[in-house]
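Here is a short tour of one protein model, written for a reader who likes to check each contact on screen. Open the structure alongside the text and follow along.

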Amino acid sequence: MPVRYRILSLDGGGMRGLLASRLLERIEEQRPGTLGRVDLFAGTSTGAILALALASGFGPDTMSRVFLERGAEVFAETIWDLTDVDRLVRADYTHEGLRRVLEDTFGSRTLGDLERKVVVAAFDLDSGSVTREGVRSWKPKFFHNFEEPGSTDRDQLVVDVAMRSSSAPTYFPIYQGYVDGGVVANNPSMCALAQALHDDTGGQHASYVALLSLGTGISPRFVDEQDANWGYAQWAKPLLGIVFEGGSGIADYECRQILGRRYHRLNPVLGSAIPLDSVHSCPELERVAADADLGPTLAWLDRCFPATA
């Protein structure tokens with residue numbers, strides 16, 4: 001069946017979002033108009049910022065400059081970061097730099113002001129109300145700008161939605177009761193597909209959907225321990241990375257099974273593990289983006305995002 005609905009999904013990854021924006025620049029250069037044919041942008045954390053920017057009409061080159069010129073402002077150390085003890089009891093960074101950059105980029109836009117459709121993953125630490133199961137609990141939250149009955153998301157400030165999606169635990173404080181959507185959906189591909197298929201939002205049939213999933217680099221990290229009897233102290237350091245990066249493969253598997261050849265993932269391998277706050281890794285991220293083989297991706301785009309559509 002012909003493709004009628006196109007999704008671009010963007011992973012989280014902090015400064016590694018520069019890799020994604022540079023890849024999008026290369027794609028747009030070699031297949032002009034690709035981003036203009038996207039019906040739904042989806043993102044988590046740094047991917048949410050990219051998705052919101054693209055849905056606002058900004059080009060990926062604009063966001064690459066933001067990463068390069070203002071990344072150090074977002075991940076700026078404070079006087080509280082002087083000792084390891086401080087890092088144990090408070091987040092590594094404040095919200096100030098990130099919010100300033102987002103306000104300069106998006107101003108007072110709301111989700112309803114955006115030119116294109118978007119869905120953003122975050123995690124609500126307290127629903128504030130009793131769920132249908134009779135329990136007050138934390139839960140995932142997917143902000144969007146579809147005119148869904150009963151939804152008030154379109155009134156939300158883009159800056160606030162981006163902050164909620166990007167407040168990675170241990171890196172940033174909790175923001176308005178939310179933390180980084182990466183704790184549940186660092187790869188939001190399946191969330192985007194669900195939004196596209198839902199009768200009250202995208203209203204699509206899976207047979208007509210094509211989805212391009214863009215990662216922020218496969219990190220060469222692993223745990224070289226067999227039968228280790230670990231507790232809190234040993235698990236604390238690797239666990240967040242496992243949650244953020246390891247969970248991305250689940251959405252990849254699910255979308256591949258559902259969409260088949262109408263699904264494609266582009267996620268180059270990094271030469272070394274790059275933390276999400278590594279502002280000094282920009283040259284390496286740009287090198288990986290420049291060297292990535294786009295052949296399979298461009299061939300897929302010619303079939304699923306054709307210029308004649």
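## A nonpolar patch and its surroundings

Isoleucine 242 counts as partly exposed because its relative accessibility is 39%. Please keep in mind that this is a predicted model. Isoleucine 242 sits in helix α9, which covers residues 232-246. Together with Val223, Trp235, Leu239 and Val243, Ile242 makes a nonpolar surface patch of about 380 Å².

## Charged pairs

Side chains of opposite charge can pair when their charged atoms come close. How many salt bridges does the structure hold? There are 17 salt bridges in the structure. Three of them are set out here.

| Salt bridge | Distance, N to O |
|---|---|
| Arginine 70 and glutamate 73 | 3.0 Å |
| Arginine 100 and glutamate 73 | 2.7 Å |
| Aspartate 291 and arginine 287 | 3.0 Å |

Let us take glutamate 73 as a starting point. Glutamate 73 has a relative accessible area of 23%, so it is partly exposed. Glutamate 73 and arginine 70 both belong to helix α3 (residues 60-74), where three residues, about one turn of the helix, lie between their positions. The salt bridge of glutamate 73 with arginine 100 links distant parts of the chain: arginine 100 is in helix α5 (residues 96-106), glutamate 73 is in helix α3, and the two are 27 residues apart. Arginine 100, at 38% relative accessibility, counts as partly exposed.

The pair of aspartate 291 and arginine 287 belongs to helix α11 (residues 282-291); the two are separated by about one helical turn because they are four residues apart. Aspartate 291 counts as exposed, since its relative accessibility is 52%, while arginine 287 is partly exposed, with a relative accessible area of 39%. Elsewhere, salt bridges that share partners join Arg70, Glu73, Arg100 and Asp104 into one network.

## A buried aspartate without a partner

Which side chain of opposite charge is nearest to aspartate 180, and how far away is it? The nearest is arginine 16, 11 Å away, and aspartate 180 has no salt bridge although it is buried. Aspartate 180 lies in strand β5, residues 178-180. Leaving aside residues up to four places away in sequence, aspartate 180 touches a set of residues that includes Ser165, Ser166 and Ser167. Also among its contacts are Thr44, Ser45, Phe123, Arg164 and Phe244.

## Cysteines without a bond

How many disulfides does the model have? The count comes to zero. A disulfide needs two cysteine sulfur atoms within 2.5 Å. For cysteine 191, the closest cysteine sulfur is that of cysteine 255, and at 8.7 Å it is too far for a bond. Seen from the other side, the closest cysteine sulfur to cysteine 255 is the one in cysteine 191, again 8.7 Å away and too far for a bond. Are these cysteines buried or exposed? Cysteine 191 counts as buried because its relative accessibility is 18%, and cysteine 255 is buried, with a relative accessible area of 0%.

## Two positions far apart in sequence

Finally, have a look at proline 32, which is found in the loop between α1 (17-30) and β2 (40-44). Proline 32 counts as exposed because its relative accessibility is 58%. In sequence, proline 32 and alanine 307 are 275 residues apart, but in space their C-alpha to C-alpha distance is 8.4 Å.

Key:
Residues are numbered from 1 along each chain as its sequence is written. This is a predicted model: local features need pLDDT of at least 70, side-chain atom pairs count only at pLDDT 80 or more; totals for chains, interfaces and linings use all residues. Side-chain values use heavy atoms; hydrogens and water are left out. Patches are made of residues with over 30% relative accessible area and no salt bridge: like charges are joined within 9 Å, nonpolar side chains (Val, Leu, Ile, Met, Phe, Trp, Tyr) within 5 Å. Accessible areas come from the Shrake-Rupley method with a 1.4 Å probe; for residues, only the protein chains shown count as cover. A salt bridge is a side-chain nitrogen of Lys or Arg within 4 Å of a carboxyl oxygen of Asp or Glu. Buried means under 20% relative accessible area, exposed over 50%, partly exposed in between (1.4 Å probe, protein chains only). Lys and Arg count as positive and Asp and Glu as negative; His and the chain ends are not counted. Contact means heavy atoms within 4.5 Å.
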